[in-house]
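Thanks for coming, everyone. I'd like to walk you through a structure this morning, so let me put it on the screen.

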Amino acid sequence: MLKMTHLQKVYRTHLIETYALRDFSINVREGEFVAVTGPSGSGKTTFLNIAGLLEEFTGGQYQLDGVDVHGLNDDKRSKLRNEKIGFIFQSFNLIPDLNLFDNVDVPLRYRGFAAPDRKKRIEEALGRVGLASRMKHYPSELSGGQQQRVAIARALAGSPRLLLADEPTGNLDSLMARGVMELLEEINRHGTTIVMVTHDPELAARAHRNVHVIDGQVTDFDDEPTLRKPALDDSTAAEAVA
Amino acid sequence: MFAYYLQLGLRSLRRNPILTALMVVGIGLGIAASMTTLTVLHLMGSNPIPWKSDKLHYVQLDNWSADDPFFDDGRPPDQVTYRDAVALMEAGKADKQAAMFKLSLPIQPENKELKPFQSLGRVTYADFFAMFEPRFKYGGAWNRDQDHSHARVVVLGKDINEKLFGGQDSVGRTVRMNGVDYSIVGVLDDWKLHSKYYDLTVGAFSEPDEFFMPFTTAIDLKQRASGNNSCWKTPADGWDAYLDSDCIWIQMWVQLDSPARLAEYKSFLDSYVGEQKKLGRFPRPINNRLLDVTEWMRDQRVISRDVEVQTGLAFAFLAVCLVNTIGLLLAKFTRKSGEIGLRRALGASRREVFAQFLIESGVVGLTGGFLGLLLTGLGLLAVRALYTEYKTVAQLDWSMIATTIVLAITSAVLAGLYPTWRACRVQPAAQLKV
Amino acid sequence: MELRPILSALMRSKVSMILIGLQVALTLAIVCNALFIIGQRLDRMHRPSGMNETDTFWFGSNGFGQGYDVKAVQQSDLALLRQMPGVADATSTNSVPMSGGGWGTGVNLQPKQKTQTARTTLYMVDAHALDTFGFNLVAGRNFKPEEIESHTQSERLQSAAVIMSKALADKLFPNGDALGKQIYLDDDSPASTIVGIVERAQQPWVWADNDSIENATLVPTYLPYGNSTRYLVRTEPGRRDEVMKAVEQKMSEANPSRIIGKLRSIEQVRREAYAGDRAMAIILGAVIFALLGVTALGIVGMASFWVAQRTKQIGTRRALGATKFDILRYFQTENFIITTMGLIAGGILAYAFSLWLMQNYQSPRLPWYYVPIGFLCLWALGQLAVLGPALRASRVPPAVATRSV
């Protein structure tokens with residue numbers, strides 16, 4: 001699903017070169033729930049940005065769902081992002097001027113789905129996160145946990161193959177955090193691959209596999225993860241969304 | 001505290017120089033456009049003789065053809081006939097009265113180094129000077145006896161006295177005009193009029209009169225007016241027939257010192273026209289008017305339509321500039337909501353935040369106003385270049401400078417008020433959490 | 001087009017939208033009406049006078065003193081002018097088109113007629129007038145030398161033959177058979193016969209409306225005003241300025257007991273006559289220019305601010321799959337919506353403003369096409385103004401979405 005080999009990311013200024021990632025390799029298989037952990041400044045966010053095609057890398061190889069993304073132009077990367085990846089951000093990144101319906105609609109519009117299809121997807125996605133009744137509400141009217149659920153619905157609505165979560169519970173209290181975590185696990189059970197960046201060991205422990213990053217390098221790379229097969233009926237449910 | 005806010009305001013303005021420049025230039029342009037046109041409008045329409053403008057009245061009688069009104073809207077003719085002017089002068093029913101017309105005469109200087117030149121002046125009665133109150137530099141007006149005796153006397157304007165006599169006291173000397181010698185009884189001082197309100201029939205902004213001479217004298221010498229002459233019936237041949245005709249070419253002013261006198265004079269005019277009707281003249285219904293100075297100026301549209309339209313457009317332009325500034329300040333203050341929240345959290349009261357931002361917009365207004373003042377100066381230069389006859393009205397005076405500055409600050413504060421109010425609504429805590 | 005979500009987002013920040021919309025509305029209303037006024041003025045300024053304006057000039061002579069024989073001076077002046085080198089022809093006249101001063105009278109078809117059939121200006125000229133003015137004779141003939149009468153100011157004007165403009169002839173005789181017909185200049189003057197018709201001859205007053213501006217009649221008369229006479233001179237092509245100097249010199253020398261007034265080329269006469277219209281057009285042009293500039297800069301300022309304010313949102317959109325072009329289009333669509341709303345209001349305002357001008361200034365109705373053209377221009381202006389900020393927005397990197405602040 002997501003395969004990086006000897007990936008390298010260097011930030012250059014005219015004075016110094018800083019390695020954000022050096023010789024970074026990871027292989028996330030389809031259906032996995034991987035937690036990427038590490039202290040702050042270790043390169044977690046850079047990894048996430050590159051994985052999500054938000055940033056380019058300077059060396060090595062990266063294959064996303066079998067597509068070599070090296071050298072793709074900006075438009076192709078946008079399209080790939082839109083089709084294959086769902087994002088969940090630490091600070092939710094909902095658009096304050098849009099109601100929940102329109103927020104979830106954002107990636108679907110860029111996808112170019114027809115209006116009835118979009119409507120169906122939005123209603124389903126918001127239903128999955130338990131907010132179907134609040135479609136006309138604005139983000140500012142919701143609690144943090146609810147906002148993150150909307151963000152998850154937005155990530156899910158396009159039925160992506162990969163969900164990238166950046167400290168998804170970082171801005172939530174523990175009760176809300178647990179709810180969000182349970183939701184992510186439930187989504188994963190339906191077959192969506194999830195890569196979650198976090199510095200919270202408790203959260204990381206709930207993933208199938210942990211990858212620890214220090215100084216831009218993977219220090220704890222478990223090549224043989226224990227993979228829980230998704231139940232067949234669950235997978236059809238996921239297909240139905242797609 | 002004011003100094004502190006001022007300092008904050010200036011610092012904030014310096015931080016976004018382009019945005020600040022945009023606002024200042026916007027206000028400056030808007031102010032300049034409105035003040036340039038407003039100045040012209042103000043000076044054009046300004047009351048030339050405020051202390052007695054309600055006492056001076058322009059006489060209009062309707063001697064026009066029964067079949068054709070003089071003006072389509074029914075206003076009476078804008079001048080009177082010779083015989084009516086003289087009849088009204090001789091009746092002398094007003095407190096002061098002066099018939100007049102414009103006359104162009106060749107002047108033959110004594111000084112042979114000067115070539116003869118054509119000069120535009122005014123033919124009128126002694127009362128003219130007491131009514132319109134020009135200041136004399138030397139000598140004074142002629143008297144009513146000289147009106148009666150058709151005296152060959154003249155009052156010179158300051159400029160022509162400068163030209164002929166080097167500005168010296170020329171009272172008692174003579175000046176030769178069209179082959180006739182006139183003795184000088186007075187020389188006027190500067191007489192700066194924004195509009196030549198006593199004769200609006202030939203344009204409100206024509207050149208000032210260079211000489212004044214008795215009406216009776218000019219008629220003696222069979223001098224025809226250089227102003228407008230309108231006839232609804234072609235007069236018979238000869239000078240006397242012309243004087244006797246229904247052609248209008250004379251302006252008639254009266255001074256009436258009280259409303260009672262005005263009413264008396266009105267009824268006198270009505271009875272005069274009634275008498276004339278018996279003689280077969282004045283075929284139209286009685287349509288006499290006695291407009292005072294400001295009414296007459298309005299009637300004659302001293303403020304041109306173009307200037308009115310320009311002023312309207314300029315103020316609409318100012319409105320656009322203000323809306324522009326509101327938008328930009330709003331943008332700016334909204335961006336600073338974090339800072340506001342912090343200040344509020346650190347103990348600034350809502351009023352203090354309000355003061356701080358209002359001062360910032362005030363600074364924008366003041367700078368804009370100053371720029372506007374400079375641009376108004378340029379604007380008036382441009383108006384003078386475009387309209388050569390407007391040189392008397394395209395000038396900044398102190399009242400207009402003050403108005404400009406007040407307008408600028410008011411504009412900017414008004415424009416700053418709403419954005420500031422919005423800025424103040426920021427809750428102390430709202431912006432602090434990340 | 002993602003019109004609806006942009007619109008609903010806009011509705012959440014109404015004030016900014018209203019401010020820009022208001023600005024656009026006022027701009028449209030002012031620009032349409034100002035452009036219309038400019039157009040009217042330019043039309044006025046370019047009305048043809050019917051005469052040769054490039055090679056002609058005119059001036060006055062004011063005699064003074066007793067014993068000044070104005071009639072004799074007039075004849076000798078004309079003779080002198082006509083034989084001067086570079087002079088093509090010269091005539092005496094009381095006025096010229098656009099000069100602002102002249103003689104106006106009624107024209108009647110019957111003697112003692114009560115209301116005038118039309119009004120006309122009279123140019124009191126001699127047989128050289130057609131050649132000097134350069135009026136184009138389209139029917140009939142020129143005056144004959146023996147037809148030129150001689151009058152003084154106090155005498156009743158009469159002339160057996162007149163030449164008039166085609167416009168006036170058609171007004172008096174709508175069947176187009178004016179030539180040879182008799183008219184009466186004013187109430188009880190003897191009849192005059194129309195002996196010639198010129199294609200076009202303007203009257204001296206430029207404030208006249210288009211319906212009456214070409215009501216002009218040429219009368220074969222020498223008529224000095226007191227001791228004043230006026231002459232129109234046409235020079236050989238290209239020699240006007242040089243001949244003007246020579247004429248000024250010669251005329252002063254020819255008779256010391258008179259004053260030669262300022263010589264004015266007809267081009268200058270036109271310039272002076274329309275100085276007010278020109279000034280109005282320039283001033284309104286400057287207002288339009290400044291207005292469009294301020295509005296454009298206002299849009300740039302607001303859009304820049306919005307882009308800065310929504311950097312995170314743009315990053316998020318990019319992360320969610322928006323291409324650079326999607327972002328660019330977002331801001332352009334947003335601008336289009338705001339501008340369109342402003343324009344709709346501005347269209348109404350433009351017609352209201354025009355109505356006000358019509359009621360207070362007898363101005364004609366704003367032609368319908370000004371507003372749609374204004375729409376196009378302001379749409380273009382808005383799109384151009386927003387282009388910079390929108391491009392900046394499209395360059396916001398998607399990684400902004402994961403930045404913590």
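Chain C comes in two domains: domain 1 is made of 4-46 + 276-402, and domain 2 covers 65-256. Before going further, please keep in mind that this is a predicted model. The C-alpha centres of those two domains of chain C are 54 Å apart. There is also a database record to set beside this: an unreviewed UniProt entry puts "domain: ABC3 transporter permease C-terminal" at residues 286-398 of chain C. In the model that span is 85% helix and 0% strand, with 44 Å between its end C-alpha atoms.

One residue in chain C that I'd like to point out is C:Arg47, found in the loop between α2 and β1 (56-63) of chain C. Is C:Arg47 buried or exposed? Somewhere in the middle: C:Arg47 counts as partly exposed, because 18 other C-beta atoms lie within 10 Å, and a buried residue would need 20 or more. C:Arg47 also has an interesting partner in space, C:Ile213: the two are 166 residues apart in sequence, yet their C-alpha atoms are 9.2 Å apart.

How confident is the predictor here? For chain C the average pLDDT is 91, and 99% of the residues score at least 70. For the model as a whole, the ipTM is 0.87 and the pTM is 0.85.

Now to how the chains meet. Which pair of chains shares the most contacts? Of the two pairs in contact, it is chains B and C. In that contact, 48 residues of chain C meet 45 residues of chain B. On the chain C side, α2 (14-45) and α8 (275-309) each supply at least two residues, and α8(C) gives the most, with 18 residues. By class, the side of chain C that touches chain B has 25 nonpolar, 17 polar and six charged residues.

While we're on chain B, the UniProt record, again an unreviewed entry, lists "transmembrane region" at residues 21-44, 313-333, 353-386 and 398-418 of chain B. I looked at two of those spans in the model. Residues 313-333 of chain B are 100% helix and 0% strand, with end C-alpha atoms 30 Å apart. Residues 353-386 of chain B are also 100% helix and 0% strand, and there the end C-alpha atoms lie 48 Å apart.

What about chain A and chain B? Those two do not touch, and their nearest C-alpha atoms are 9 Å apart. Chain A does meet chain C, in a contact that takes 28 residues from chain A and 23 residues from chain C. The elements of chain A that give two or more residues to this side are α1 (44-51), α2 (74-84) and α3 (100-111). Of these, α3(A) gives the most, with seven residues. The side of chain A that touches chain C has nine nonpolar, eight polar and 11 charged residues.

Let's stay with α3(A) for a moment. Of its 12 residues, 10 are buried, so this helix is largely enclosed by the rest of the structure. Among the buried ones are A:Leu100, A:Val104, A:Pro107 and A:Tyr110, but also A:Asp102, A:Asp105 and A:Arg109. What do the buried residues of α3(A) pack against? Within chain A, they pack against α2, α4 (115-128) and α5 (144-157); from chain C, the partners are α1 (3-11), α9 (311-319) and α10 (324-361). Just after α3(A) comes A:Gly112, with a positive phi near 85 degrees.

Stepping back to chain A as a whole, its secondary structure comes to eight helices and 10 strands. Its radius of gyration is 18 Å, which agrees with the value near 18 Å for a compact globule because the chain has 242 residues. The C-alpha atoms fill a box of roughly 50 × 35 × 35 Å along the principal axes, and 48% of the residues of chain A count as buried. Among contacts in chain A with a separation of 6 or more, 71% join residues 24 or more positions apart.

I'll finish on a caution. Chain A averages a pLDDT of 85, and 90% of its residues score at least 70. Over residues 224-242 of chain A, though, the pLDDT is below 50, and this stretch has 25 contacts in the model beyond near neighbours in sequence. Where pLDDT is low, the predicted coordinates should not be read in detail.

Methods. Residues numbered from 1 in each chain as written. Chains lettered and ligands numbered in written order. Predicted model: local features only at pLDDT ≥ 70, side-chain atom pairs only at ≥ 80, totals over all residues. Contact = placed C-beta atoms within 7 Å. Helix = DSSP H or I, 4+ residues; strand = E, 2+ residues; numbered from the N terminus. Nonpolar A, V, L, I, M, F, W, Y, C, P; charged D, E, K, R; others polar. Rg over C-alpha atoms; globule rule 2.2 N^0.38 Å. pLDDT = per-residue confidence, 0-100. UniProt positions renumbered as here; feature names shortened; annotations may be inferred. Domains from an automatic or database assignment.
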